[in-house]
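Please open the model in your viewer and keep the selection panel at hand, as the tour below moves from the whole chain to individual side chains.

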Amino acid sequence: MGEKVVAGQFDLSDRQRYREKLQKCLTGLERLLVEKRFDRPKNLMGVEIELNLAGRDGMPKMLNGQVLERIASRDFQTELAMFNLEVNIAPHRLGGRVFDRLAEELRTSLAYADRKAREVDAGIVMIGILPTLGPDDLVSANLSEVDRYTLLNDQIVAARGEDFRLDIKGVEHLVRTAKSIVPEAACTSVQLHLQVTPARFADVWNAAQVACAAQIAVGANSPFLFGHELWRESRPPLFLQSTDTRPPELQAQGVRPRTWFGERWIGSAHDLFAENLRFFPALLPICDDEEPLAVLDAGGTPTLAELVLHNGTIYRWNRPVYGIADGVPHLRVENRVLPAGPTVTDVIANAAFYYGVVRALAEESRPVWTRLPFAAAEANFDAACRFGIDARFAWPRRGRHGGTGEVDAVTLVRDELLPLASAGLDAWGVEAADRDLYLGVIEERCRRRVNGASWQAATFHRALEQGLGREAALASTTRRYAELMHAGEPVHMWPVGLPEPVPLG
């Protein structure tokens with residue numbers, strides 16, 4: 001988001017001019033859609049993973065600048081706070097043994113990054129929320145030393161006009177205030193990109209909205225924050241509350257939050273970009289010199305820089321993306337719901353499940369979203385975040401009577417969504433060995449009712465039972481997690497609890 005952003009102040013005319021440029025960009029996007037200027041199908045997918053830095057003691061390390069200097073690769077970049085990194089895997093064509101290739105690339109990249117981090121007594125931990133993070137770690141002094149993060153923080157704080165309130169009631173109840181958006185940095189996620197044609201965009205986005213509850217149910221990995229056990233996937237409520245520009249009065253009026261599930265099924269990509277302009281004021285009103293309509297009139301491809309920047313400050317769980325490659329515009333759906341980790345195998349299994357099930361759902365003759373109210377899809381997402389693998393969902397009943405019924409998440413995934421995912425991967429041309437290996441990981445999580453969140457919670461409680469204090473139990477759980485993460489076996493195979501001490505002599 002906004003690589004060219006530099007720190008500065010905005011005046012009233014900046015915001016007015018930016019709004020006008022946004023409208024021109026939206027008109028430009030509409031013209032590109034009408035003129036069918038977008039790239040043809042290439043079945044391209046991409047992966048971004050946010051990472052944590054922690055020491056051998058399991059505690060966060062504010063060293064991303066030093067680690068990135070040692071890594072010296074454009075595949076790695078900063079994230080919001082000094083204990084964060086992000087790794088970007090180059091786009092791949094869906095098909096063949098793509099998931100095995102992705103897994104090998106990711107293992108190589110993470111192993112290299114971890115070796116470099118060890119040079120400054122840190123290490124890579126791939127987890128939704130680092131359990132050992134404390135309130136003193138998530139302060140503005142620990143923002144990454146990049147202008148755009150400082151500027152974004154300043155603008156969100158100014159828009160809110162008061163401290164942020166974190167109030168998350170799960171297994172335990174967390175209530176805190178924060179003076180900056182830095183608590184959002186606790187959320188480390190996996191972003192899955194899928195390039196789609198304009199004609200297919202709405203079906204793919206709607207399918208992704210349907211699928212995200214199941215993604216969280218099987219993939220939850222963020223049960224702890226500030227020493228509290230909260231939701232099985234605590235990132236969504238934390239992200240919402242730590243970036244919320246609305247004081248309570250605006251919340252009461254129904255103003256939309258910038259971290260947003262949405263409120264309706266869509267008919268085109270244009271719907272989402274238009275909603276972004278209609279509902280959300282600019283946070284970073286930085287105008288580009290390009291005149292997008294003049295570029296179009298001259299036969300060129302506009303960057304739509306203002307639209308892209310604005311879109312990057314609205315945190316939909318499935319975000320529309322406009323991009324240009326080799327001078328040709330394209331659209332992507334960016335799926336942002338999954339936490340990082342636990343292992344490379346788990347991340348790739350989550351990706352295989354997503355790409356398979358979204359393709360199959362998008363191509364059904366009677367799509368789920370024509371039979372499931374949007375509010376029910378949002379409630380499913382909320383239930384998945386709260387309860388993880390033990391969630392229950394509303395889902396369309398089979399047969400002619402229609403309506404929705406309640407179904408256990410594990411039953412839904414195992415009996416309905418995994419067969420769909422398998423058919424979807426076949427449609428992408430993924431080889432059977434890849435398909436069966438990675439969907440088999442999801443099936444085993446369902447069979448054993450285990451994911452990263454359930455393992456973390458069970459191991460933490462086992463540590464308490466062994467007599468460790470709360471902070472020591474969280475640190476021990478984090479160290480054990482990091483050890484098993486680097487060993488590489490998928491999380492459903494991890495033994496619960498801490499290793500027994502080796503007797504001396």
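How many positive and negative side chains does the chain have, and how far apart do the centres of the two sets lie? In this predicted model, the chain has 58 positive and 67 negative side chains, and the centres of these two sets are 4 Å apart.

**The whole chain**

Begin with the full chain in a cartoon view, where 16 helices and 15 strands can be traced. The C-alpha trace spans about 80 × 55 × 45 Å along its principal axes. Its radius of gyration is 22 Å, which agrees with the value near 23 Å that a compact globule of 505 residues would have.

Next, colour by accessibility: buried residues account for 59% of the 505 residues, while the exposed surface of the chain comes to about 20400 Å², with carbon and sulfur atoms supplying 50% of it. If you draw contacts between residues at least 6 apart in sequence, 75% of them turn out to join residues at least 24 apart.

**Helix α1 and its salt bridges**

Now turn to the charged pairs, of which 38 count as salt bridges. Select Lys24 and Glu291, whose side chains meet in one of these bridges with an N to O distance of 3.5 Å. The two residues are 267 apart along the chain, Lys24 being in helix α1 (residues 12-34) and Glu291 in the loop between α8 (269-279) and α9 (292-297). Both ends are partly exposed, since Glu291 has a relative accessible area of 35% and Lys24 one of 33%.

Staying on helix α1, add Arg31 and Asp297 to the selection; they form a salt bridge in which the closest N and O atoms are 3.0 Å apart. This pair again links distant parts of the chain, with Arg31 in helix α1 and Asp297 in helix α9, 266 residues apart. Asp297 counts as exposed because its relative accessibility is 60%, whereas Arg31, at 26%, is partly exposed.

For a pair elsewhere, select Asp167 and Arg165, which form a salt bridge with their closest N and O atoms 3.4 Å apart. Asp167 is partly exposed at 32% relative accessible area, and Arg165 is likewise partly exposed at 45%. Returning to Arg31, extend the selection to Glu35 and Arg37, as salt bridges that share partners join Arg31, Glu35, Arg37 and Asp297 into one network.

**A buried charge without a bridge**

Which side chain of opposite charge is nearest to Glu184? Select Glu184 in the loop between β6 (173-178) and β7 (189-196), and then Arg336, which is that nearest side chain at 6.6 Å; Glu184 is buried yet has no salt bridge. To see what surrounds Glu184, show Leu80, Phe239, Ser242 and Thr243, which it touches when residues up to four places away in sequence are not counted.

**Backbone exceptions**

The next stops concern the backbone, for which the usual expectation is that most residues other than glycine have a negative phi and that most peptide bonds are trans. Select Gly341 and Pro342, which are joined by a cis peptide bond with omega of about -5°. Pro342 lies in the loop between β13 (328-339) and α11 (344-362).

Then compare two residues with positive phi, beginning with Lys36, a residue other than glycine whose phi is near 55°. Lys36 is found in the loop between α1 and β1 (44-54), and its relative accessibility of 66% makes it exposed. The other is Leu304, also a residue other than glycine, with phi near 50°, located in the loop between α9 and α10 (305-311). Is Leu304 buried or exposed? Leu304 is buried, because its relative accessible area is 0%.

**After the last stop on the helices**

Finish with Pro495, in the segment after α16 (470-487). Its relative accessibility is 44%, so Pro495 counts as partly exposed. Leaving aside neighbours within four places in sequence, Pro495 is in contact with Trp455 and Arg480. Pro495 and Trp455 are 40 residues apart along the chain, and a distance label drawn between their C-alpha atoms should read 8.4 Å.

Technical notes:
Residues numbered from 1 in each chain as written. Predicted model: local features only at pLDDT ≥ 70, side-chain atom pairs only at ≥ 80, totals over all residues. Heavy atoms only, no water. Helix = DSSP H or I, 4+ residues; strand = E, 2+ residues; numbered from the N terminus. Rg over C-alpha atoms; globule rule 2.2 N^0.38 Å. Buried < 20%, exposed > 50% of the residue type's maximum accessible area, 1.4 Å probe, protein only. Contact = heavy atoms within 4.5 Å. Areas by Shrake-Rupley, 256 points an atom, 1.4 Å probe, with all protein chains shown as cover. Lys, Arg positive; Asp, Glu negative; His and termini not counted. Charge placed at Lys NZ, Arg CZ, Asp CG, Glu CD. Salt bridge = Lys/Arg side-chain N within 4 Å of Asp/Glu carboxyl O.
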